Amino acid sequence: MAKPRIYITRKIPDKLLDPYNEKFDFRMWEKEDEAVPREVLKKEARQADGLLCVLTDQIDEDLLKRAPDLKIVANMAVGYDNIDVDAAGKYGVIITNTPDVLTETTADLGFALLMAAARRMIEANQYIRKDEWKNWSPYLLAGSDIHHKTIGIAGMGRIGKAIARRAKGFGMSVVYYNRSRKPEAEKELQAVYADFETLLAKSDFVVSVLPLTADTKHKFNAEVFKKMKNSAIFINISRGGVVNETDLAEAIRTKQIKGAGLDVFENEPIAANHPFMQLEEIVCMPHIGSASEETRSAMLNLCLENIGGFFTGRGPKTPVEY
Ligand code: DGY
C-alpha cells in the first residue's frame, strides 16, 4: 500500500522525521527563511494526505476544496484561527493543534514582556548601545513596579493560569475574565473573577490571552483603552487581531494608558516603519511566545504524533473540537 503523503510547510530538522520515515512519504518546503508561497502550498495540498503547517499558512475553503485526498491538518500552534474549521468539517478534514506543550514557555514570554515594558528594559538597553549613559540620576529610566500590583488576565485558559502562577510569585493580585468561571484557578491561585469592565478598571497590567474569534476581533479598542488606568500596561500574547492597533497607538500617544508589550500583530510580520516602532512605550516581539528550542521541538513532535496517530488508527492526540 502506498505511504500517506505528508507535506510540511516549513523546513524542520530531518531527525524529527526519522521515526516516521518508514511509514510516510514526506515532502517539505526547503527554504529556511522564506514562507511557502500560496500557490506552492495549494499545489502540494492537492497531492497530499496530510499537512503539517504553521500559523501563517491560510488553510481556507479554497485550499481545502481542491485537496481531495487531504485528511488531516496538523497546525503547529495552539491557536488555529488560520484554519477555516467549518470548511474543514465540510470536507471531512481533521484539524489538530499543539496545546499544553507550549503553555509554560508562552507564559514565560508573556511575563517577560510585562517586565520589559514595566521596567523599560529595551529602552534601557538601547540607551547604553547608543552611548547615552553618562550619569546616574534618581529617575533615570524609572518605570513601574510589578510586585504587589494587580494583573488582569483576559482569557483564563492554560496559558492564562500559567501567567497567574508567575504573578503570584511576585505577590500580585490576580483578576480574571473568561467566558466561564474557573473554580480551580480561584481556589489555587486566589484569582478573582470579574466582568470585563471591572477587570479593565482595576488592573495595573491587562494581559490578553484571548483566542481570535468573531467575538474577540478588535475587542481591545479605543473604548476599552479609555476604561483602563492611565498607568496601565497592556500585554498581548494571543493574536494581533484582538486589538485595534490604531486605537492602541493613539491610547499610548495620548497617555490614555502607559505602555504595551506585544508579541503578536494583526498583519505579521510588521516592518520597522510600523507606527508602534515610533513609540518607546511599546515593546514588540516577532511572535516568539513559544520560541524556546525545547518547546518548538515539542510542538513539531506533537504535530507528527498527531499525524502518526491518525494514519495508524490510534487517533490524533490533540484534535481540535469543532
Ligand atoms: C500559538 O501556538 O498559537 C502561538 O501563538 C505560537 O507561538
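A residue counts as buried when its relative accessible area is under 20%, as exposed when that area is over 50%, and as partly exposed in between. Keep that yardstick handy, because it comes back all through this walk. One more thing before we set off: what you are looking at is a predicted model.

Let's start with Arg5, in strand E1 (residues 5–8). Its relative accessibility is 30%, so Arg5 counts as partly exposed. The side chain of Arg5 meets the side chain of Asp69 in a salt bridge, at 2.9 Å from N to O. Where does Asp69 sit? You'll find Asp69 in the loop between helix H3 (61–64) and strand E4 (72–75), so the bridge ties together distant parts of the chain, 64 residues apart. Asp69 has a relative accessible area of 30%, and is therefore partly exposed.

Hop over to another pair, Arg27 and Glu44, whose side chains also form a salt bridge, here at 2.8 Å from N to O. This one too links distant parts of the chain: Arg27 belongs to strand E2 (residues 25–28), while Glu44 belongs to helix H2 (residues 38–46), 17 residues apart. Are these two partners buried or exposed? Arg27 has a relative accessible area of 47%, so it is partly exposed. Glu44 comes in at 8%, so it is buried.

For a pair within one helix, go to H10 (residues 222–227), which holds both Glu223 and Lys226. They are three residues apart, about one turn of the helix, and their side chains meet in a salt bridge at 3.4 Å from N to O. Glu223, at 46% relative accessibility, counts as partly exposed, and Lys226 is partly exposed with 49%. Back at Arg5, the bridging doesn't stop at a pair: salt bridges that share partners join Arg5, Asp49, Asp69 and Lys71 into one network. In total, the structure holds 27 salt bridges.

While you are around E2 and H2, look into the loop between them, where Val36 has its place. Val36 has a relative accessible area of just 8%, so it is buried. Who are its contacts? Leaving aside neighbours within four places in sequence, Val36 is in contact with Tyr7, Thr9, Arg10, Trp29, Leu41 and Asp57. Take Thr9 from that group: Val36 and Thr9 are 27 residues apart along the chain, yet their C-alpha atoms are separated by 6.1 Å.

Next up, a pair of helices. H5 (residues 103–118) and H7 (residues 158–169) pack with their axes 9 Å apart, at an angle of about 55 degrees. That angle is why H5 counts as oblique to H7. H5 passes H7 in a right-handed crossing. Which residues meet there? From H5 come Thr103, Glu104, Thr106, Ala107, Asp108, Gly110 and Phe111, and from H7 come Arg158, Ile159, Ala162, Ile163, Arg165, Arg166 and Ala167. Sorted by class, this contact has six nonpolar, three polar and five charged residues.

Now for some loops with backbone quirks. Gln190 is found in the loop between helix H8 (183–189) and strand E8 (192–193). Its phi is near 50 degrees, a positive value in a residue other than glycine. With 46% relative accessibility, Gln190 counts as partly exposed. Another quirk turns up in the loop between strands E11 (259–262) and E12, where Pro269 lies. The peptide bond leading from Glu268 to Pro269 is cis, with omega near 0 degrees.

Carry on past E12 (282–284), and you enter the loop that leads to helix H12 (293–312), home of Pro286. Pro286 has a relative accessible area of 63%, so it is exposed. Pro286 and Ala251 are 35 residues apart in sequence and 22 Å apart in space, C-alpha to C-alpha. His287 lies in the loop between E12 and H12 as well, and has a positive phi of about 50 degrees although it is not a glycine. Is His287 buried or exposed? Its relative accessible area is 17%, so His287 is buried, whereas Pro286 is exposed.

Note on methods. Residues are numbered from 1 along each chain as its sequence is written. This is a predicted model: local features need pLDDT of at least 70, side-chain atom pairs count only at pLDDT 80 or more; totals for chains, interfaces and linings use all residues. Side-chain values use heavy atoms; hydrogens and water are left out. Axes are lines fitted to C-alpha atoms, for helices over the stretch in contact, and angles run from 0 to 180 degrees between N-to-C directions. Helices (H or I, at least four residues) and strands (E, at least two) are DSSP runs, numbered from the N terminus. Angles under 35 degrees count as roughly parallel, over 145 as roughly antiparallel, 65 to 115 as roughly perpendicular and the rest as oblique. A crossing is left-handed if the near helix is turned anticlockwise from the far one by less than a right angle, and right-handed if clockwise. Contact means heavy atoms within 4.5 Å. Ala, Val, Leu, Ile, Met, Phe, Trp, Tyr, Cys and Pro count as nonpolar, Asp, Glu, Lys and Arg as charged, and the others, Gly among them, as polar. A salt bridge is a side-chain nitrogen of Lys or Arg within 4 Å of a carboxyl oxygen of Asp or Glu. Buried means under 20% relative accessible area, exposed over 50%, partly exposed in between (1.4 Å probe, protein chains only).
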